[in-house]
Amino acid sequence: MYVDESVLDDPARLAAADPGDLLREIATSGRQVRETWRLAEEAGVGRLGADGRPRAVLVVGTGAAAGAAEVLATAAGPTSPAPVIGHHDHGLPGWVGVADVVLAVSGSGRSPLTLNAVEEADRRGCRILAVGPLGTPLHYLADRARAPFVAIDGSRPERASLWALATPLLAAGATLGVCRDVAAGAEAAAARLEEIATRSRPSSESFVNPAKLLALELAGTLPMIWGTSPATAAAASRAATQLAVTAKYPVLHGGLPHPAIYQIAAFDGVFGARGAAATGGGDDDGLDDFFRDRVDDELTTRLRLILLRDPGNEHPDVTRRADTVVSVAAERGVGVTELSAAGSHPVERLASLVGLLDYASVYLAMLIGIDPSLEPAIHDLDRVR
Ligand SMILES: O=P(O)(O)OC[C@H]1O[C@@H](O)[C@@H](O)[C@@H](O)[C@@H]1O
């Protein structure tokens, strides 16, 4: 894989490598939190809480909506009095009924899966909140269901819209009594995202820019990303999405204890210890090369483990295992990058990693010559929408 490190510190080439201005869009993350919290209040999100605490909160939608569901689940945490469930499939589960709340999220406001869920939730008498752009079918359905509708900026690319899509859900979580201290948590997350935007800005050079440094570590590797707590596992999931959509990079993600305790088996495979041990390769040309024994090929792509730690918020068993993972990886020649979440509220800690990894995904795309804004395969799949 060709990795062009010089692109990261050359302003003209950096700009040319990001024709869709994705970095500028990602820099608005902190502002998205503040703006959409206010918009959610103005849209009447408080009405959702009028009938008291729900039996369950279902967040419907795919793509960035799934990330938004994870942000709300992180804010609700394991002590939430009602479950927060991300639902990313067609139809509503059979158990969903009048005692439940459905939060419908769509970056385009047109995703059939989300629209159908809103119609069905309305038929079943659920309380509903919808988040999407103005004047879209989702807006129309929310109005028809007399549900609060939070209008987001539909011109911003979806992969840079996580916080606009997620923050109204946090405001809903506050009014529904499923999240604690979430207004303060959202504000702390906004401040954290702004601080990351400053440190990771394109004009900040590689040797001091944490996102550029991370991108350089990832370039040419096959990343595995694990969290060590609910907040950091959610960050790992978001990172896998961003790396796929932005850098077109496949990523295995998970968390300790599960599913990392199984995924670690890959450390012994061809991208891990076996690859490190292999030497040499076949002839580079002709039929000899075609008939070579591929078992002997040297594989240059190596696993790299990105371990997202959550100091003070890990189960002691997870902390012990995470420390052990680092030595198990080292024994097999698997590189490890450890990143720690920062902040007190889980949403702030999540944001502290998501912000960094969002930037790193764009810098990685630039390093390997991929346009971070284009997504032809997704468009081709969407032809059947
Ligand atoms: O957020 P909405 O617009 O509902 O889209 C959800 C997802 O739909 C898919 O078909 C793709 O277009 C994805 O890129 C998108 O994230």
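This is a short tour of one sheet, the helices on it, and a helix pair, all in a predicted model.

**Stop 1: the sheet.** Start by selecting the five strands that make up an open sheet, and read them across in the order S2-S1-S3-S4-S5. The pairing here is parallel. Now look at the edges: strand S2 (84-87) and strand S5 (149-152) each have a single partner strand, so one side of each has no neighbour in the sheet. Averaged over this sheet and ignoring direction, neighbouring strands are turned by 15° against each other.

**Stop 2: S4 and S5.** Next, pick strand S4 (residues 127-133) along with S5. Four bridges join the two, and they run parallel. Which residue in S5 is the bridge partner of valine 131? Click on valine 150, and you've found it.

**Stop 3: helices on the sheet.** Add helix H5 (residues 112-123), which lies across strand S1 (57-60), strand S3 (101-105) and S4. Its direction is at about 155° to S3. Then bring in helix H7 (residues 162-176), which packs on the sheet and touches S1, S3, S4 and S5. Compare H7 with S4: their directions make about 160°.

**Stop 4: a helix pair.** Finally, show helix H4 (residues 64-76) with helix H15 (residues 346-367). Their axes are 8 Å apart and the packing angle is about 140°, so H4 and H15 count as oblique to each other. Turn on side chains where they meet: Val71, Thr74 and Ala75 from H4, against Pro346, Val347 and Leu350 from H15. Sorted by class, this contact has five nonpolar residues, one polar and no charged ones.

Notes: Residues numbered from 1 in each chain as written. Predicted model: local features only at pLDDT ≥ 70, side-chain atom pairs only at ≥ 80, totals over all residues. Heavy atoms only, no water. Axes fitted to C-alpha atoms, helices over the stretch in contact; angles between N-to-C directions. Parallel < 35°, antiparallel > 145°, perpendicular 65-115°, else oblique. Contact = heavy atoms within 4.5 Å. Nonpolar A, V, L, I, M, F, W, Y, C, P; charged D, E, K, R; others polar. Pairing = 2+ DSSP bridges.
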